[in-house]
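Q: I'd like a close look at one part of this model: the largest nonpolar core. Please tell me which residues and helices build it, and what lies apart from it.

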Amino acid sequence: MSVLAGCATNPATGKTDFVMMSEQEELGMGQKYSQEILKQYPRYEDAKLQSYVQQVGERVARAGDRPNLQYHFTVIDTPDINAFALPGGYIYIHRGLMAYLGSEAELAAVLGHEVGHVTARHSVRQQSQSSAWNILGQAVAIGTGVNAAADLTNVLGTAFVRGYGRDMELEADGLGAKYLARAGYDPTAMIQVVRVLKNQEDFARDEAARKGQATQPVGYHGLFDTHPDNDQRLKQVVGPAQALAGGQQELGVERYLKAIDGMPFGDSAASGVRRGQNFYHSELDFTLSYPTGWGILNQPAALVGFTADQQAYIGMKLVQRDGQLTPAEYLRKGTGGRLAAEESFQQAGLTGATGVVPGSPARRIAVIYQKDRAYLFVGAVKGRASLESVDDQFMQVIRSFRPMRADERKLAEPRRIAVVQVKSGQTVEQFANAESGPQSDSINRIRLLNDLYPTGEPKPGDWLKVVR
């Protein structure tokens, strides 16, 4: 067995790096973990948009410091505000982040930042510099602020998804801006992307203050203490990006907005749709509801409801039915017989069973059969809370599960982005009046979507993203 270790010249920075992996091993690692990503994240099934993102990404990558790599750019079908890169040129952007970008140059800036991680071999350098860093076979988008989700689904985030720390993130910003300029895009789009992220940060802080809650981290790597905050990123990236700017660089506003016109905003039909405290999934034909004040996290691996203080959560996931076992037998087998307060039930024509798994903490579990599918519920508490304090609410969620009615089908359809041109005299408030839901929410959403937060107004002739 040979061990590759030593110094190598970094293709992006020209500096000498200590690395323990050849380029061939790096490519192999990227290919391996791209398969794991496909298992964890749903690919957005829109061939036209996927092709568009691939074209923009390739244009930037060809201007990078490793143009001979074969790059793969993929849109992920989740509302998370994130993007990440695997070693060897596998780059992912979440649909949720694309909704908030305003031009092709901004899309290229995000992809260029991630290309920068690849060209500078950040994953290889980080692994070589720290024996404690462990590449895991599964990944999940971080930035939701709900730590309980990872507890429930037993899925750990990788450094690919979470980001690489202060120095590497700032280095990727600088490389991305350079690649933008080389590719013919306006490199100041990198500044605009950081502004978009800062708007999200400001909005999250304002909403938390309004609700009297602690501010939760927002997406796109914004969770490690070692990661630069967006104020610092702006200061670091403004000068170099502006210095690279010339007179002819593209923005591609209309081209980009045309590409995302009609794209789902928030949840998609394929993943199920949250409406207030209710959740609807047309393909799987079910709905359920959560108590007032609870949050709902819709992840590919599980649907998670959680209390406002995030000390109690209940997750539901689709699981494989086990032969001819009854729901109660299914739970007993899954818990090794460690099941107390066992109860079988029927609701809305469905059969189910529930019970409590003793322990510290104790957990409420249930399974409901629907046709050939089984849905497993796991409810638990964190900190000093007791299961008894929220068990009635856990049971309320479990008991709300039922098939959808015909008149609910429309509720399972996602909201979509619509691109409109602003006429003279039109205001954000007028566009918000055309949306459903609280007007204040609609006003804030339109402003966030269009880099107008917190008080901006569009100008006549501007293209505006609204949600319908």
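A: Happy to: here is the core, then its main helix, then what lies beyond.

This is a predicted model, in which local features need pLDDT of at least 70 and side-chain atom pairs count only at pLDDT 80 or more, while totals for chains, interfaces and linings use all residues. Residues are numbered from 1 along each chain as its sequence is written, and side-chain values use heavy atoms, with hydrogens and water left out.

The largest nonpolar core holds 56 residues. A core here is a set of buried Ala, Val, Leu, Ile, Met, Phe, Trp, Tyr and Cys residues joined through side-chain atoms within 4.5 Å, buried being under 20% relative accessible area with a 1.4 Å probe, protein chains only. Val53, Ile93, Met98 and Leu107 have the most contacts inside this core. Setting aside neighbours within four places in sequence, Val53 is in contact (heavy atoms within 4.5 Å) with Phe73, Val75, Ile93, Met98, Leu107 and Leu111.

Helix α4, residues 104–119, supplies the largest share of the 56-residue core, namely 8 residues. (Helices are DSSP H or I runs of at least four residues, strands E runs of at least two, numbered from the N terminus.) α4 also packs against helix α8, residues 166–183, at an angle of about 125° with the axes 7 Å apart; axes are lines fitted to C-alpha atoms, for helices over the stretch in contact, and angles run from 0 to 180 degrees between N-to-C directions. On the α4 side, this contact includes Ala105, Ala108, Ala109, Gly112 and His113. Among the α8 residues that meet them are Met168, Ala172, Leu175, Gly176 and Tyr179.

Apart from the core of 56 residues lies another, of 27 residues, with Leu303, Ala312, Ala366 and Met395 among them. Elsewhere to look is an open sheet of 7 strands, ordered β10-β11-β12-β16-β15-β14-β13, with antiparallel pairing; two strands pair if DSSP finds at least two bridges between them. Its edge strands, β10 (295–298) and β13 (340–347), each pair on one side only, and the twist averages 15° from one strand to the next. Within the sheet, strand β12 (residues 312–319) runs antiparallel to strand β16 (residues 373–381), joined to it by 8 bridges, and Ile314 stands opposite Gly379 in β16. Helix α13, residues 387–400, lies across β12, β13, β14 (350–357), β15 (363–370) and β16, and runs at about 5° to β15.

Notes
Buried means under 20% relative accessible area, exposed over 50%, partly exposed in between (1.4 Å probe, protein chains only).
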